[in-house]
Each structure stands twice: as structure tokens, then as C-alpha cells.
Amino acid sequence: MAWSQSARKPMIGLLFRAQQHAARGYSYSAFQAHLLSSNVDQSATLLRRFSSQVPASEQMNLIKQLRERTSAPIKDVKASLVSCNWDIDAAQKDLRKRGVVLAAKKSSRTAAEGLLAIAQDEKRAAVVELNCETDFVARNDVFQYLASSLAKLALSARDPGELVFPFGPDYLENLNVNLDHPKLSGETTVQSAVTEVAAMVGENVKFRRGFIMSTTAHGVICSYLHTCPQPGLGRLAGLITLEAEDSNAPLDALKRVGKSIAMHIVATKPLFLSKELVSASAIENERDILRTQAESSGKSQMAMEKMVEGRLRKYFEEVVLLEQKYVVNDSTNIKSVLNDLSKEVGSKVTVGNFVRMEVGEGVSKQMH
């Protein structure tokens, strides 16, 4: 049934007044009380409840504050604030609950990007790999803080009693980590911290693996990180221990050369320390490949054997650290560099162990 012209005018006036009160930040209930005190007949009115009782400027301020607190996506921040009636503390708690669910949903997605983090003292070093889905998240300060915290935790954990100790997620995930960051605070387990960061950044985040390396009584441990967003973080890492036989040998020279060899390791990807440590199966496999290549040359059997042995020496120069050409000076090799260092410090210097790590190596990346 159509309204008469006279019935429309009071209605339009009331709606206009309701909008004015809402614009001033008055709630629906306050306006309703105002109507009652004015003896207005509400049965003839249609009162519209607005979507928010918080002024638009204050809404934007709350969204900004909660975004700064949590680093969560803006759409999630706003959704939590709306559902919690713009109570910022309740919304922050709601975001954390949502984050656990979202992180669980994303845990099956490939995480092949990320960072390596190193923490070390005079005798030990720990390197860990924290993965995410994109290099954009790897540049996030919360992600970087967590990676550094995990490396420090691994270094401070109980001594495994081994000179080289590789470990997986289960070695740390149930340990408590103390986080002191504007967006991460308090003590929690490593597993919970990883889940919380995954919720913040909106990607699958995984602590994948790590190494702890130690040196002997008279030696040094040296490290090098490549593509560093900040000290102690990078995408490629090389670690090496150098040891002197004489306990009186100065260690400064070992540290200087060790740092350079750690960089060499990152660049050249050695697989073995010495020729003696190359497995018989690896040598035989390489011989078979080289023999097949030599047979296609059509040369005599003796000539083919010489070709195979020559190329095998080249193989050793590629994969054996001590046989590799030194990247700083390719006129010499690492074995000669160590001999020169031994003369400099007056004591034989040897390589104890070395490790090279790269973010995402061995992870099957999905093609999009």
C-alpha cells in the first residue's frame, strides 16, 4: 500500500536525524532513547542500524594499530575488528585463533624460499633454514627475527657431542624460545612460534633443518653468508673449521684464511674434503660416464684410457675441496693455500669439516 505524501515527510525527517546522530558517533540505542524522550511515535518509523558505532576516522586508526601489532593482512585485520565490535585486544586474540586455522590449511603448500641464519661463538656455529613460499615474506622483519632466534636457540641448546651434527625440525620444535619483538613477545615453543609467524605473513612457514659444527681445542670456525639482508642471514652459507697442530699457533691468521675459504665453498660447491674421501662408487660411476664419452672419439684403447684418467683428475678438481682452484687466486688450489698458511703460523693447519647450505635445495618446487 502506497504511503501518502504527509506520511513520508516525518519518516524522511527521522532518517535524516538518525544519520546526523550516527555521524557524530552516537549509537543506535542512544538515538532510540532520544526519540522516546521526545515523545515520538516509533511505530510509524523505520530506524536503520548502521554497520558500525565507531567513527570512520577511528576505524582507520584501529586497523592501522592492529596491522602494526600483528602484520596480518588488512582484510583479516578489519574482519576481526568488525566481528569483535572494534575491540582491538579482542580482535588481536581473534586473529591469533584464525591464524592457527589458516596456518594449518597452508601447511601442505610448497615452501622453497626463505633464509639461512647463523649464530656462532669461538668454538661452535649453528646454521638453520627457515622456509616460506615467496622471497617477499623472506624480507619480512618478523620472519627474519624468527630465523635469527632459531639459530641462537640451536647454538645455546645442549652440546650434541659431535663435531658435525645435522638436525631436523624435531630437534628444536618442542623447545621454548623467548621472543622479544614488537610483534612477537613472550616465551613459547618453536612450533607455536612458527605457526604464529605463518599466520601473520599469510604463507606456509616451516623450520626445515640445521647444522651444528664444532672445532677442536686449538682451532677456529669460520662462516660466510651470501645474499645477506642483514648480518647473520642469507640464502647461501659456507662453514669450515681449521685446526692447528701446535696449541701455541696464532689463530688470527686461521680466521682470516678460514673466512676466505668459507666464501670459496659457497661459490664452488665441493662435495668431498679430499680425494681419499670420495667413495669408490662415485669414482666408478664417473669412470663409466667418461669411458662412454671416450669410446665415441674412435681413438685407440690406450688413448681412451689416458682421456678417462685426465678427465677424472678434472672431476676431482671440481668436487674435492683440497683439489679445487682457489676462487680468490685461480693460479693455486686450496691445498696450497693451507700449506702457505701452515708456514705462516709455524704449525701444520688442516681442515676439520666443512658444510655448504642453500635455501630450498632438495625441495621440489611447483611450477605455476
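This report looks at two nonpolar cores and one helix pair in a predicted model.

Residues are numbered from 1 along each chain as its sequence is written. Since the model is predicted, local features need pLDDT of at least 70 and side-chain atom pairs count only at pLDDT 80 or more, while totals for chains, interfaces and linings use all residues; side-chain values use heavy atoms, with hydrogens and water left out.

Let's start with the cores. A nonpolar core here is a set of buried Ala, Val, Leu, Ile, Met, Phe, Trp, Tyr and Cys residues joined through side-chain atoms within 4.5 Å, buried being under 20% relative accessible area with a 1.4 Å probe, protein chains only.

| Core | Size | Some members |
|---|---|---|
| Largest core | 37 residues | Val 128, Leu 130, Phe 143, Val 205, Phe 207 |
| Another core | 27 residues | Leu 242, Ala 262, Leu 322, Val 349 |

In the largest core, α7 (141-156) is among the elements giving two or more residues, along with strands such as β2 (124-132) and β6 (206-214). Helix α7 chips in the most, with 9 residues. (Helices are DSSP runs of H or I, at least four residues, and strands runs of E, at least two, numbered from the N terminus.)

Now the helix pair: α10 (residues 280-295) and α11 (residues 301-319) have axes, fitted to C-alpha atoms over the stretch in contact, that come within 9 Å and cross at roughly 135°. On the 0 to 180 degrees scale between N-to-C directions, that makes α10 oblique to α11, as the angle is outside the ranges under 35, 65 to 115 and over 145 degrees. Their contact (heavy atoms within 4.5 Å) includes Leu 290 of α10 and Phe 316 of α11.

Notes: Buried < 20%, exposed > 50% of the residue type's maximum accessible area, 1.4 Å probe, protein only.
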